[in-house]
Amino acid sequence: MAQTTNDIKNGSVLNLDGKLWTVTKFQHVKPGKGPAFVRTTIKDVLTGKIVDKTFNAGMKMEFETVDNRTMQYSYREADSFVFMDMTNFEQVNIPENLIADQERFLLEGTDCIISFHDGNALSVELPASVTLKVEHTEPGLQGNRSNAGTKPATVETGAEIQVPLFINEGERVKVDTRDGSYLGRENS
């Protein structure tokens with residue numbers, strides 16, 4: 001659907017040269033001299049690449065409709081992941097290239113946001129953090145109650161993360177899914 005740059009908002013999806021871009025920031029600028037323009041920060045929907053781009057005000061743009069749906073991860077099947085829409089219980093196979101390295105924090109039953117365009121999955125977004133059980137780590141030493149050091153720990157999904165020295169096997173820890181960093185202990 002063709003609109004103009006005046007219709008740009010945060011979250012708008014633009015079709016530029018056959019690629020889909022999401023607007024993360026925008027600013028309409030009307031300088032004292034010269035024509036108005038729109039300064040934007042856009043993110044490639046498929047690759048995640050972020051670019052700053054400026055458009056002339058009133059320029060025709062092609063906006064796209066992207067459907068973001070919350071779906072629950074069910075299981076892995078060969079080279080895809082099966083997610084279920086909890087409203088109509090429809091199952092969708094998502095190719096593993098859309099999950100990439102996020103798989104190391106993906107547990108059965110995790111709710112994810114999946115973006116669709118024309119019936120095709122574009123991206124999978126995990127929650128910002130997940131709670132995982134520590135399966136293996138060296139025993140914690142008495143007196144190590146500060147964040148002075150870290151040690152490797154393997155969590156239930158098989159991912160290896162760095163945790164404080166006082167964390168023991170069997171404890172549940174909160175992990176940032178974007179960078180795999182330890183966020184804290186989960187109280188049971």
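Modeller: Two strands count as paired when DSSP finds at least two bridges between them. The model we discuss is predicted.

Biologist: In what order do the five strands of the open sheet that contains β7 lie?
Modeller: Pairing in this open sheet is antiparallel. One of its pairs is β7 (residues 67-77) with β10 (residues 111-117), joined by six bridges. A second is β10 with β11, joined by five bridges. The full order is β9-β8-β7-β10-β11.

Biologist: Which strands of that sheet stand at the edges, each with a single partner strand?
Modeller: A strand with a single partner has one side without a neighbour in the sheet, so it stands at an edge. That holds for two strands, β9 (91-95) and β11 (120-125).

Biologist: What is the average twist from one strand to the next in the β9-β8-β7-β10-β11 sheet?
Modeller: The sheet is open and pairs antiparallel. Going from one strand to the next, the twist averages 45 degrees.

Biologist: Which residue of β10 stands opposite Asn68?
Modeller: Start with the strands: β7 covers residues 67-77 and runs antiparallel to β10. Residues 111-117 make up β10. The residue opposite Asn68 is Ser115.

Biologist: Which turn residue between β10 and β11 has a positive phi?
Modeller: These two strands run antiparallel. Phe116 has its bridge partner, Ala121, in β11. The hairpin leaves two residues between the strands, and the one with a positive phi, about 55 degrees, is Asp118.

Biologist: What is the phi of Ala78, and is the residue buried or exposed?
Modeller: Ala78 lies in the loop between β7 and β8 (80-85). Most residues other than glycine have a negative phi. Ala78 has a positive one, near 55 degrees. Its relative accessible area is 69%, over the 50% cut-off, so Ala78 is exposed.

Biologist: Where is Phe89, and what is its relative accessibility?
Modeller: Phe89 sits in the loop between β8 and β9. Its phi is also positive, near 60 degrees, though the residue is not glycine. Phe89 counts as exposed because its relative accessibility is 55%.

Biologist: How far apart are the end C-alpha atoms of residues 68-122?
Modeller: An unreviewed UniProt entry annotates this span as "domain: Translation elongation factor P/YeiP central". The span is 7% helix and 56% strand. Its end C-alpha atoms are separated by 10 Å.

Biologist: Which strands are at the edges of the open sheet that contains β12?
Modeller: Its order is β14-β13-β12-β15-β16, with antiparallel pairing. Edge strands pair on one side only. Here they are β14 (160-164) and β16 (182-185).

Biologist: What is the average twist from one strand to the next in the β14-β13-β12-β15-β16 sheet?
Modeller: Five strands make up this open sheet. The twist from one to the next averages 50 degrees.

Biologist: In the hairpin of β15 and β16, which residue takes a positive phi near 75 degrees?
Modeller: Three bridges join β15 (residues 172-176) to β16, and the strands run antiparallel. Across them, Lys174 faces Gly184, and Val175 stands opposite Tyr182. Five residues lie between the strands, and the positive phi belongs to Gly180.

Biologist: What is the C-alpha distance between Val155 and Val134?
Modeller: Val155 belongs to strand β13 (residues 150-155). With a relative accessible area of 1%, Val155 is buried. Its contacts beyond four places in sequence include Leu132, Val134, Ile161 and Val173. Val134 is 21 residues away in sequence, yet the C-alpha distance is 4.4 Å.

Biologist: Is Asp44 buried or exposed, and at what relative accessible area?
Modeller: Asp44 is in strand β4 (residues 37-44). Leaving out residues up to four places away, Asp44 touches Lys19, Leu20, Trp21 and Lys49. The cut-off for buried is under 20%. Asp44 is buried, at 3%.

Biologist: What is the radius of gyration of the chain?
Modeller: The chain has one helix and 16 strands. For 188 residues the globule rule gives 16 Å; the chain is well over that, so it is more spread out than a compact globule. Its C-alpha atoms fill a box of roughly 70 × 45 × 25 Å along the principal axes. The radius of gyration is 22 Å.

Biologist: What share of the residues in the chain is buried?
Modeller: The chain exposes about 11,200 Å², of which carbon and sulfur atoms supply 47%. Of the 188 residues, the buried share is 35%.

Key: Residues numbered from 1 in each chain as written. Predicted model: local features only at pLDDT ≥ 70, side-chain atom pairs only at ≥ 80, totals over all residues. Heavy atoms only, no water. Helix = DSSP H or I, 4+ residues; strand = E, 2+ residues; numbered from the N terminus. Buried < 20%, exposed > 50% of the residue type's maximum accessible area, 1.4 Å probe, protein only. Contact = heavy atoms within 4.5 Å. Axes fitted to C-alpha atoms, helices over the stretch in contact; angles between N-to-C directions. Rg over C-alpha atoms; globule rule 2.2 N^0.38 Å. Areas by Shrake-Rupley, 256 points an atom, 1.4 Å probe, with all protein chains shown as cover. UniProt positions renumbered as here; feature names shortened; annotations may be inferred.
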